[in-house]
Amino acid sequence: MIVVLSLVIPATGQEFYIGATGGMNIAEMKITGDGEEQEESPLNRLGIGGVFGVRFDDNFSLQLRPLYLQKGGTLDQDSPSPDIDFRTSFIELDLSLKVATGNTIRPYILAGPSIGFLMTSELEFDLAGNKVKGDIMDISKKTEYSLGIGAGVEYSFWNGFLFVEGRYLH
């Protein structure tokens, strides 16, 4: 889920807009080792990117968001085994249909597909007081496909708008 606060301005007239976005990303990881899912807890990570949109009318628009997302989780293990932190970064392309209503303050919903491309994948754990780090790109899934839904509210001013939203991708 990404929570964002962003500023958007028209790019060329009222049909197109461009902006920046950023916020917190909470990503759940599925970690399997011996064929069974293992208990893990999410890490809160950073997400930043852009917003490019085209308005069809006052209520409908299509948005493309190229995002840099950090994702991760901690594999919680029983003692004496150390807990292991997994950290990844992705370039994600999110395409959403957005339906808004209102004038100055506009609540909206959005939905659409997303594809993510793995950039880095690392693990880190503490072993007898020493930090151990390793690259795990060769055993990580390189591409993620998701479907997302979200909701938010935008505040229109001058020629642009600010928005706050939450999204869930599965």
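## Exercises on aromatic pairs, a cavity and strand pairing

The structure holds 5 aromatic pairs, where rings of Phe, Tyr and Trp (its six-membered ring) pair if their centres lie within 6.5 Å. The model is predicted, with local features needing pLDDT of at least 70 and side-chain atom pairs counting only at pLDDT 80 or more, while totals for chains, interfaces and linings use all residues. Residues are numbered from 1 along each chain as its sequence is written, and side-chain values use heavy atoms, with hydrogens and water left out.

**Exercise 1.** Describe the geometry and the setting of the aromatic pair formed by tyrosine 108 and phenylalanine 163.

*Solution.* Begin with the geometry: the centres are 6.5 Å apart and the planes are at 75 degrees, which is edge-to-face; planes under 30 degrees apart count as stacked, over 60 as edge-to-face and the rest as tilted. Next, place the rings: tyrosine 108 belongs to strand β6 (residues 105-127) and phenylalanine 163 to strand β9 (residues 160-169), so the pair ties together parts that are 55 residues apart in sequence. Strands here are DSSP runs (E, at least two residues), numbered from the N terminus. Then check accessibility: tyrosine 108 and phenylalanine 163 are both buried, a word that stands for under 20% relative accessible area, with exposed over 50% and partly exposed in between (1.4 Å probe, protein chains only). Finally, look at the surroundings: Tyr17, Tyr108, Phe161 and Phe163 form one aromatic cluster, and lysine 98 lies over the face of tyrosine 108, at 4.3 Å from the ring centre. For such a placement, NZ of Lys or CZ of Arg must be within 6 Å of the ring centre and within 35 degrees of the ring normal.

**Exercise 2.** Determine which residues line the largest cavity and how they divide by character.

*Solution.* First, count: there is 1 cavity of 30 Å³ or more, and the volume of the largest cavity is about 50 Å³. A cavity is a set of points, on a 1 Å grid over the protein atoms alone, where a 1.4 Å probe fits but cannot get out, and lining residues have an atom within 4 Å of a point; grid points are joined across faces, edges and corners, and the volume is the space filled by probe spheres set on the points. Second, list the lining, which is made up of Tyr17, Arg55, Asp57, Asp58, Asn59, Phe60, Ser61, Lys98, Ala100, Arg106 and Glu154. Third, sort these residues into 3 nonpolar, 2 polar and 6 charged, given that Ala, Val, Leu, Ile, Met, Phe, Trp, Tyr, Cys and Pro count as nonpolar, Asp, Glu, Lys and Arg as charged, and the others, Gly among them, as polar. Fourth, turn to aspartate 58, which is found in the loop between β3 (40-55) and β4 and counts as exposed at 61% relative accessibility.

**Exercise 3.** Work out how β6 pairs with β5, β7 and β8.

*Solution.* Two strands pair if DSSP finds at least two bridges between them. Start with β5, which runs antiparallel to β6 and is joined to it by 15 bridges; the two form a hairpin with 4 residues between them, and glycine 102 in the turn has a positive phi of about 105 degrees. Continue with β8 (residues 143-157), which pairs with β6 in the antiparallel sense over 13 bridges, with glutamate 154 in β8 as the bridge partner of arginine 106. End with β7 (residues 130-135), joined to β6 by 6 bridges and also antiparallel, where phenylalanine 125 stands opposite valine 132.

Terms used: 1 Å grid on protein atoms, 1.4 Å probe; cavity = no way out; pocket = protein on both sides within 12 Å on 5 of 7 lines; lining within 4 Å.
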